[in-house]
Amino acid sequence: MTENTPPTPDLVLHGEGDPALEYRELTILYATETGNAQDVAERLGREARRRRWRARVVDVAEFDQADLIRIPLLVFILSTTGNGAHITSFQPLWSTLLRADLPPDLFSHVQYAVFGLGDSGYARFNWAAKSMDRRMETLGAERLVERGEGDERHYLGIDGAFGPWSQFLFSALDQLEPLPPHIQPLPESYTPPPRARLNFLSKSGAAPPSHPPPIPDAQKGKITKFERMTSEDWWQDVRRVELDFEEPIDYDPGDIAVLYPSNPPAAVDSLLSLLGWSSKADEPLTLQASSSDQPLPPSLSPLSRTPTTLRLLLTHHLSPFSVPRRTFFEFLTHFAQNDLERDRLKEFLTPEGGDDLFEYCTRVKRTAAEALADFKSVRIPLEYVLDVFPEMRPRKFSIASDIQTHPQQIHLCIALVKYKTKLHAPRRGVCSTWLKSLAPGSEISVNLEKGTLPLPSSPDTPLILVGPGTGVAPMRALLERRFRQGSKENTLYFGCRKHAADALYEEEWTKAEQEGALSFRLACSRDQEQKVYVQHLIQRDGKRVHNILFKREGLLYISGSSGQMPKAVRQALAWVVEAIDGVDAETATRRVEDLEREGRLREECW
C-alpha cells in the first residue's frame, strides 16, 4: 500500500478483522454551530482509528439519547455559544441530563473526557464544557483526563490546547485498553479513507440537477431593500436589508434569521479547473457515507437520496473560499506530488511550524482555494472533496425588526466584510460577497431561530439596552415592540466611531426620545480627543443605572462584538455598584454576576 492509497474502512476501523480489537470502541459526540467542534471531533476520530480504536463520531443532533447509558467510553467535543450557553442542538440532551430524578450512579460504568471550544473574550469562557464535565461527574461517571479548553484567541487557535490534550487522552485510553502485542498502530503517514463515496449516475442517463435541494423548513424572502446605512466615504459598509415574505411568518423580538449563502459561480469554475475536476463537474452523483461509524453530517445527508454535482457541492454545500483549518493541510500532505511542497506542508503541522502556518494562513486570511494555487503539485482525489473542504455553514443575524410593526417583513443590519491584509486581493466575507451579488427582488431561503434576548413580560419593566455597532439590531426589534406597547421605560446605549459616519438608526432613536419613549445615550468614540465608549456613559449615569437595575429590578441586555465591549460593560457596572453601595470590588462583581444568574443580565455577542 502506498502512502497515497487510502486503506479500506474495515482495515482502519477493525484492524483487518482481528477480534482482539472489538473491545476498543470509542464514541465521540460533538455539538457545533460554526463547524469547529465537528472538525476537532473528526480529527480525533481519525487519530483514534489510526491507533486501532473503533471510533464513532456523531453530531449530537443525530444521536439517540437512549444510547448514552450503554456507552462505556465517551468523549464530548463542545462549543460554547452566547455567554456560556450550550448550542441549540445540544439543548435537548442537556435538558435530559439536568433532570432532578436521575440517580447519582447513572453513569457509574462510563468513563469520559470533555474538550471545549471557546473564546476567552467571553466572561463565561468554555462554560458549556465546564458544566458538562461537572454534570457527568455528578452522575457517577469517571473522568479519563482533565478537561481540555481550546481558546480561539490563542495564536494557534484551538490547536494550542487540543494537540497536548489529545495526547493525554490517547495515553489514558491505551493504558485502559492496551493493544494486543501482535497489532501495531497504523503508521502516521497513512492516508485515512474518505468519509464519503461519490456515486456518479452518468450511466443512468439522469439529467444533472441545476439547483440544490430545498432547505428544510425555510421560507422564501424577497430582497426589497439593500441600502447603505454608513456614509459613502466611511471604511465600513453597513447595509439595511429588508425581506418581504408572501407566506405567513412569525417571530419574536430578539429572534434570529438564518441565511444560506453560496459561492460565486466564476470562483467555483476557476477552482474546478485548478483541481482538474472540470470534466466531472456536472455529472449527477449521490453521496454515501463510507462507514456507519461516521455518518454524513445532517446538512449533507439529503444528498444521499437527492442527486447533486461537484459544481453544486462547491457552490452551495462546501466552503473552499474560507480560511482553512489544520485539517485541510493534513490532507494536502497526502496529495502533494512534489517533495518540497510535501515537506513544507508537513512542517506546517509540527509544533515548530505552527508559527509559520499562522503567518501563512491565519494572519493574512488566506483561503483554501488560494493555498491550492500555491501548492501546485497537489492532486486531490474526487472522493476526498468532503474531507478537504468544510461544510458551508448558514449565517445567523439578529433580526432588527418587530413583526407587528413591519408585517410580513424581516429587517437585518449587516456589516459587509471587506478588508486588506498583506495579500494582494482584499479579503471578503462569503456571505457579504453573496449578498452583494444578488439583484433587487431576488428570493433567498430564510429560517428562524429563537434568540437569547427575550421581550420582557411587562412593558413597565425598565429595560437598559447596550448595543454598539450592528449589535443594535436586536435592540431595534425589542424597542419597536416596546414602543407599540406604550412602554416609556427604555434606555439605549449605542456606540459608534463618528456621529456623521456610522450612527445607525439615529433618526429613529432621536424621534423616540422626543416622544418620551426612550432615553438615548450616544457614544461616538472618535469625535473627541479622548475616546468615549458605552461603558463610560454607564459610569456617568451610575445613579440612574443602579436605580433601574438594583432598586427597580430592571433588565440589562448587551449585544455586539465579543471583544472587550461586554467585559468592559460588566466592569463599568461593577464600578457603579462599588461606588454607590460602598462595597469592595469582589462584592460588586458578585452582585453583577447575580443579575446574570437571575436572568436580568443577558448577552448576545459574536
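**Figure 1. Two cationic side chains placed over aromatic rings in this predicted model.** The charged end of arginine 134 is found over the ring of tryptophan 127, 5.2 Å from the ring centre. A second view of this kind shows lysine 280 over the face of phenylalanine 200, with 4.4 Å to the ring centre. For a charge to sit over a ring, NZ of Lys or CZ of Arg must be within 6 Å of the ring centre and within 35 degrees of the ring normal. Because this is a predicted model, local features need pLDDT of at least 70 and side-chain atom pairs count only at pLDDT 80 or more, while totals for chains, interfaces and linings use all residues. Residues are numbered from 1 along each chain as its sequence is written, and side-chain values use heavy atoms, with hydrogens and water left out.

**Figure 2. Phenylalanine 348 and its aromatic partners.** By the ring-pair rule, the count comes to 15 aromatic pairs; rings of Phe, Tyr and Trp (its six-membered ring) pair if their centres lie within 6.5 Å, and planes under 30 degrees apart are called stacked, over 60 edge-to-face, and the rest tilted. Phenylalanine 348 and tyrosine 360 are a stacked pair, 5.3 Å centre to centre with 25 degrees between the planes. This pair links distant parts of the chain, with phenylalanine 348 in helix 9 (residues 339–348) and tyrosine 360 in helix 10 (residues 354–362), 12 residues apart. Helices (H or I, at least four residues) and strands (E, at least two) are DSSP runs, numbered from the N terminus. Phenylalanine 348 and tyrosine 360 are both buried, where buried means under 20% relative accessible area, exposed over 50%, and partly exposed in between (1.4 Å probe, protein chains only).

How do the rings of phenylalanine 348 and phenylalanine 375 pair? Their planes stand at 80 degrees and their centres are 6.4 Å apart, so the pair is edge-to-face. Here too the contact links distant parts of the chain: phenylalanine 375 belongs to the loop between helix 11 (368–374) and helix 12 (385–388), 27 residues apart from phenylalanine 348 in helix 9. Phenylalanine 348 and phenylalanine 375 are both buried. One aromatic cluster takes in Phe328, Phe329, Phe348, Tyr360, Phe375 and Phe389.

**Figure 3. An open antiparallel sheet of 6 strands.** The strand order is 13-11-17-9-10-14. Strand 13 (395–398) and strand 14 (409–416) stand at the edges with a single partner strand each, so one side of each has no neighbour in the sheet. Neighbouring strands are turned by 40 degrees against each other on average, direction ignored; axes are lines fitted to C-alpha atoms, for helices over the stretch in contact, with angles from 0 to 180 degrees between N-to-C directions. Take a look at strand 10 (residues 237–245), which pairs with strand 14 in the antiparallel sense over 8 bridges. Two strands pair if DSSP finds at least two bridges between them. Glutamate 242 has histidine 411 of strand 14 as its bridge partner.

**Figure 4. Helix 14 and its surroundings.** Of the 12 residues of helix 14 (residues 473–484), 10 are buried, so the helix is largely enclosed by the rest of the structure. Among these buried residues are Met475, Arg476, Leu478, Leu479 and Glu480. At 1.5 Å a residue the expected span is 16 Å, and the end C-alpha atoms are 17 Å apart, which agrees; the expected span of a helix is 1.5 Å times one less than its number of residues. After helix 14 comes glycine 486, with a positive phi near 85 degrees.

**Figure 5. Salt bridges, from single pairs to a network.** The whole structure holds 46 salt bridges, each a side-chain nitrogen of Lys or Arg within 4 Å of a carboxyl oxygen of Asp or Glu. Aspartate 159 meets arginine 43 with the closest N and O atoms 2.7 Å apart. That pair links distant parts of the chain, with aspartate 159 in helix 5 (residues 159–176) and arginine 43 in helix 2 (residues 36–50), 116 residues apart. Aspartate 159 is partly exposed at 23% relative accessible area, whereas arginine 43 counts as buried at 10%.

In helix 9, arginine 342 and aspartate 339 are 3 residues apart, or about one helical turn, and their side chains form a salt bridge (2.9 Å, N to O). Arginine 342 counts as buried at 17% relative accessibility, while aspartate 339 is exposed at 51%. Which residues are joined into one network by salt bridges that share partners? They are Lys225, Arg240, Glu242, Arg476, Glu480 and Glu508.
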